[in-house]
Each structure stands twice: as structure tokens, then as C-alpha cells.
Amino acid sequence: MKKLNVILLAAALFASVSTTQKSATGSGTEPLSQRYNGPIIDMHIHALGEGEPLFGMTHPPTLRGKTYKGAASAVELKEKTLEKFRKHHIVKAVVTNGQLWSKGNEELVIIGDADKSISALKKQFEENKLKVIAEMSPFYAGMLANDASVMPYFELAQTLNIPVGVHILPGGPNYGIHHFPEMLGNMRVKNANPLQLEDALVKYPKLKLYIMHGGWPYVEDLKALMYAHPNVYVDIAVLNWILPLAEFHNYIRSLVDAGYGDRILFGTDQIVWPDTIDDAVESVNSADFLTIKQKEDIFYNNAARFLGLSTEEIAKHKAVHNK
């Protein structure tokens with residue numbers, strides 16, 4: 001009888017621990033491994049005009065060993081990207097150079113721009129043709145985000161009360177410096193740590209900032225930055241189709257377990273390779289450690305809150321696509 005009591009006591013203690021010590025990657029009550037089929041917001045897309053050198057180019061093998069065929073023209077790029085949007089229920093997208101696609105797609109395209117003067121961006125905003133300052137990419141020029149020439153763009157974003165997206169590693173393909181030295185030859189890994197953004201976050205505390213490409217691989221520094229600054233979000237573009245799936249899942253799990261699952265934004269960084277959108281969506285959906293609610297946050301809820309979508313628009317998106 002004494003032995004039986006010990007066994008029963010051990011079982012009770014195990015049950016208590018199981019119900020009180022929940023991992024952040026699961027509430028303990030929600031089923032895992034469900035596929036998310038609701039609305040999606042893509043925080044990182046590019047529109048290109050004719051004549052871009054990337055058209056028709058096959059993406060070099062990713063760290064998954066996969067290649068992607070490039071769209072042959074601006075027309076094909078737009079058509080195939082919008083087709084992927086419909087397939088995956090992408091209801092909003094932050095599109096750099098989005099003015100190229102916005103006509104007839106005003107509810108879908110959120111126009112982003114950054115590679116212009118401060119005065120040009122102000123004018124664009126005043127004409128209601130700028131909603132996000134993105135993609136800022138001093139990294140490609142071998143500069144840090146706290147460079148004196150870059151800081152005024154953060155000031156502008158805070159003044160206009162619009163989000164700003166900042167590119168850091170791993171933009172461009174793996175080994176991009178070697179694949180495209182004429183385009184990417186100035187970028188340096190030493191300039192990729194997300195902590196470089198802290199000066200802007202301190203100087204402009206109301207900034208709505210998201211780190212494009214998620215601050216990978218500096219995950220511990222990223223956690224520290226997000227711990228100190230609640231207005232820092234990350235998009236997972238490129239990571240979700242260029243990294244090995246296990247590495248991507250480790251990255252997502254690390255942020256979610258640290259308590260930052262409500263600041264992860266879905267994105268693809270689709271440039272001329274529309275098929276990357278399929279793999280980006282599947283990489284999140286295949287994360288069997290995430291609950292359906294956590295997937296919904298990453299795919300839609302976090303971005304809707306970050307962008308300040310109205311309750312009416314959110315309800316409309318979910319009514320149409322959560323069937």
C-alpha cells in the first residue's frame with residue numbers, strides 16, 4: 001500500500017507540473033500541427049519596372065538546395081505575384097515601389113518606399129502615396145543604421161507616424177557578395193547586428209520599426225533589443241525559404257519561447273521569384289510546435305495591429321477567409 005501511495009503521489013506531481021509549466025510554443029489546451037488557412041499580410045514584397053537586370057534570372061541554390069525561376073518581365077511578375085496572393089489569401093502586402101501595382105489594387109497594396117530623399121518621401125506621403133518607409137537598406141552600402149545620413153529617415157517616420165522597415169542580413173542570396181559583387185559587394189557581415197538600431201530607438205521612442213529578415217543570426221542580441229524596446233517587430237522574409245527548414249524553425253521557436261510571438265511578422269521578400277511565396281507560407285504552417293493561434297498571429301494578427309488596421313477591415317478579412 002505504501003508503494004502504491006508513492007506511485008499515486010508521483011503521478012499527481014507529474015500531472016501538476018504538466019499543467020502549470022507550459023512552453024510558450026503551446027498553451028497546453030490548443031491542438032498543435034493545425035494548418036492555418038485564414039488571411040495573411042505580407043510585410044515584405046517588391047514591385048519592379050521593366051528593364052531590371054533580375055528578370056529571367058534563376059535564383060542561386062538556397063541553403064535548402066532549391067532554385068527558383070525568375071519572372072521574365074514586370075508584367076509577368078505582377079500577374080504571378082497577385083496569383084500567389086489569391087492562392088494563399090494574402091489580403092494586404094507592403095510593397096516597395098507599390099505605386100507600380102496600386103492602381104486597381106488599392107485595398108491590397110500598402111505602398112512602401114525608401115530609396116529617395118527626405119523631401120521626396122514627404123511629398124509622396126502628402127499625396128497619399130506612401131504608407132511605410134521601407135525597404136531602408138544602408139547595409140547594402142556598407143553603412144550602419146545609426147549613420148548620420150540615415151537617422152533623418154527614422155525622424156521622418158516618427159513625425160509622419162508611419163512604420164519603417166530596415167533591411168539587415170541575410171538579404172540577397174546566400175553567398176550574395178560572391179554571386180553579385182557589382183550589386184552586393186559593399187555589404188559586410190560585421191554591419192549586420194540588429195543592435196545598431198538602438199540609437200534610433202532611443203532618439204525616436206515612438207518609432208514603429210520592424211527589422212526585415214528578422215535579425216538572423218543574431219538571435220540573442222535581437223531578444224535583448226526586443227526586451228528593451230516594445231516597438232521593435234521582426235519580419236521573417238527570406239528566412240522562411242532560404243534557410244534550412246530546421247534552422248528557420250529553431251529561430252521561430254526561440255523568439256516565441258522568449259515571449260515575442262506577438263511581434264513576428266510574416267513576409268516573403270518576393271522580388272522576381274513568385275514561387276518563394278509558396279515555400280514561405282509552408283515553412284510557417286509546417287512548424288508543428290506552433291498552435292493555430294500562434295500561426296494566426298504570425299500570418300495576420302501581429303501585422304494588423306502593427307499597421308493599425310481598423311476593426312472593420314480586420315473583421316472583413318476574417319469573415320471572408322476564415323471559413
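Modeller: Let's start with a cut-off: two helices whose angle is over 145 degrees count as roughly antiparallel. Keep that in mind while we look at this predicted model.

Colleague: Okay, so why are H12 and H13 called roughly antiparallel?

Modeller: Helix H12 (residues 292-307) and helix H13 (residues 311-321) pack at about 155°. That angle is over 145, so H12 and H13 are roughly antiparallel to each other. Their axes are 11 Å apart, and the crossing is right-handed.

Colleague: Which residues make that contact?

Modeller: From H12, you've got Glu296, Tyr300, Asn301 and Ala304. H13 brings Glu313, Ile314, His317 and Lys318. Sort the contact residues by class and you get 3 nonpolar, 2 polar and 3 charged.

Colleague: Now H3 and H4. Parallel or antiparallel, and how do you know?

Modeller: Check the angle again. Helix H3 (residues 118-126) and helix H4 (residues 151-160) pack at about 20°, with their axes 11 Å apart. Angles under 35 degrees count as roughly parallel, which makes H3 roughly parallel to H4. The crossing of H3 and H4 is right-handed too.

Colleague: What makes up the contact of H3 with H4, by class?

Modeller: Here are the names: Ile118, Leu121, Lys122 and Phe125 sit on the H3 side, with Pro152, Tyr153, Leu156 and Leu160 on the H4 side. That gives 7 nonpolar residues, no polar ones and 1 charged. Lys counts as charged, and Lys122 is part of the contact.

Colleague: And why do H2 and H11 count as roughly parallel?

Modeller: Helix H2 (residues 74-88) and helix H11 (residues 276-285) cross at roughly 25°, and their axes come within 10 Å. The angle is under 35 degrees, therefore H2 and H11 are roughly parallel. H2 passes H11 in a right-handed crossing. Thr81, Lys84, Phe85, Lys87 and His88 of H2 meet Ile277, Asp278 and Val281 of H11. This contact divides into 3 nonpolar, 2 polar and 3 charged residues.

Colleague: On to the sheet. What makes E1 and E8 the edge strands?

Modeller: The open sheet has 8 strands, ordered E1-E2-E3-E4-E5-E6-E7-E8, with parallel pairing. Strand E1 (40-46) and strand E8 (264-265) each pair on one side only.

Colleague: How do you know that E3 and E4 pair?

Modeller: Count the bridges. Pairing needs at least two, and 2 bridges join strand E3 (residues 109-113) to strand E4 (residues 132-136). The two strands run parallel. One bridge partner to look for: aspartate 113 goes with isoleucine 133 in E4.

Colleague: What is unusual in the backbone, and why call it that?

Modeller: Most residues other than glycine have a negative phi, and most peptide bonds are trans, so exceptions deserve a look. Histidine 89 isn't a glycine, yet its phi is positive, about 60°. You'll find histidine 89 in the loop between H2 and strand E2 (90-96). The bond from alanine 134 to glutamate 135 is cis, with omega near 15°, and glutamate 135 is in strand E4. Another cis bond joins leucine 169 and proline 170, with omega about 10°. Proline 170 belongs to the loop between strand E5 (164-167) and helix H5 (176-179).

Colleague: Last one: where does pLDDT stay under 50?

Modeller: Over residues 1-24, where the model has 6 contacts beyond four places in sequence. Where pLDDT is low, don't read the predicted coordinates in detail. For the protein, the mean pLDDT is 90, and 89% of its residues reach 70 or more.

Conventions: Residues are numbered from 1 along each chain as its sequence is written. This is a predicted model: local features need pLDDT of at least 70, side-chain atom pairs count only at pLDDT 80 or more; totals for chains, interfaces and linings use all residues. Side-chain values use heavy atoms; hydrogens and water are left out. Axes are lines fitted to C-alpha atoms, for helices over the stretch in contact, and angles run from 0 to 180 degrees between N-to-C directions. Helices (H or I, at least four residues) and strands (E, at least two) are DSSP runs, numbered from the N terminus. Angles under 35 degrees count as roughly parallel, over 145 as roughly antiparallel, 65 to 115 as roughly perpendicular and the rest as oblique. A crossing is left-handed if the near helix is turned anticlockwise from the far one by less than a right angle, and right-handed if clockwise. Contact means heavy atoms within 4.5 Å. pLDDT is the predictor's confidence in each residue, from 0 to 100.
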